[in-house]
Amino acid sequence: MFAKRIDNLPPYLFARIDEMKAKKRGEGVDVIDLGVGDPDLPTPPHIVQALIDAAQDPDNHHYPSYLGMQAFREAVAGWYKRRFSVDLDPSSEIISLMGSKDGVAHIPEVLVNPGDYVLVPSPGYPVYSTGALFSEGKVHEMPLLCENNFLPDLDSIPSEIAKKSRLMWINYPNNPTSAIAPPKFFEEVVQFARDNDIVVVSDNAYSEVSFDGYKAPSFLETDGASEVGIEMHSLSKTYNMTGWRIGMAVGNKEIIRGLGVVKTNIDSGTFNPVQHAAIAALSGPQDCVAEACSIYQERRDVLVSGLQKLGFDIQAPKATFYVWLKVEDSMATAAKMLNEAGIVVTPGIGFGKSGEGYVRFAITRSVDRIREAIGRMESVSW
């Protein structure tokens, strides 16, 4: 009864993990969930209050703007200017998203014709690939390997594939590897895109979750980046707003215009009170971001130290709230974690072929729960 494209889609990784967690909890297991990257910290109170105030205004009970409120787009422009020294035109270079997943899933429909290639990092966020498949494109995986600091080797992409590619995904700080990228890499990406007439989309959802003094850049800081691509960002991780579904795509105005054409035909925009809350987040005090990073850094240190004491070879990441651990078999390790220790981790193979041999921990649980997880792992034979 389903269209053929449905048969071509893999099961969504995190939906499957939810099923496994539910099964274990049904068996009475106290599951420690270090799988899905959903912050456990609450949305800061001033952002919640902005939503409440806006929701009580009847003027906000109607259809929102398809592209996002002008005030929201101006707040995004102001934030990009303060944070990255990137100038954006709120009227033509910014569009609101119902979370960055919205943009990630739909941008291939703007750019990709049937048979075109999409260059996707492996391991990488699964929606990069599923978005390509929905647009009837072909996926070419770019391996992210430890020996290359989890950066794609652009020279290894076959020229015949590069010439048939319409879209390239980059994501730094990276999910799931937590790798960071130097400015030189972004410069190489811009040149590669120019040489092959490829649109680059930078998924920068984790730029504000960083440690040890590291500050992640924006792809759009790179000379020429706005000529070849756009960047997608989300308030989900920065302000603990995963359930609010608010984000933005910014950059090249023609690409943004194309995304707007698709979105006006498939949705009716983001609820205005949510946009008012986003304005409060972007324009208000940023102490809450620093406080969250401090909490995540403590959790990171506890987890990494515990894994090292267990004999694992692991270094503390500079960004994201993930720890990417090398193991022999990703599925077997994830199953062992769940069945013998009641701990949920994400098998690397679920992020692409090059994710095999790793599991991902999300440090989205309290220090006490992370310590408990380490204690449970101590009783398991590794």
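**Exercise 1.** Find which residue of strand S8 stands opposite isoleucine 95.

*Solution.* Start with the pairing: strand S2 (residues 94–97) and strand S8 (residues 247–251) are antiparallel, with four bridges. Two strands count as paired when DSSP finds at least two bridges between them, and a strand is a DSSP run of E with at least two residues, numbered from the N terminus. Then look across from isoleucine 95: alanine 249 is the residue you meet in S8. This is a predicted model, where local features need pLDDT of at least 70, side-chain atom pairs count only at pLDDT 80 or more, and totals for chains, interfaces and linings use all residues. Residues are numbered from 1 along each chain as its sequence is written, and side-chain values use heavy atoms, leaving out hydrogens and water.

**Exercise 2.** Decide whether the faces of S2 are covered or not.

*Solution.* First, recall that side chains in a regular strand alternate between the two faces of the sheet. Next, take each side in turn: Ile94 and Ser96 lie on one, Ile95 and Leu97 on the other, and all are buried. Buried means under 20% relative accessible area, exposed over 50%, and partly exposed in between (1.4 Å probe, protein chains only). Both faces are therefore covered.

**Exercise 3.** Work out which strands stand at the edges of the sheet S9-S12-S11.

*Solution.* Begin with the order: this open, antiparallel sheet of three strands runs S9-S12-S11. S9 (322–326) and S11 (346–347) each have a single partner strand, so one side of each lacks a neighbour in the sheet, and these are the edges. Finally, check a pairing: five bridges join S9 to S12 (residues 358–362), with valine 323 partnered by phenylalanine 361.
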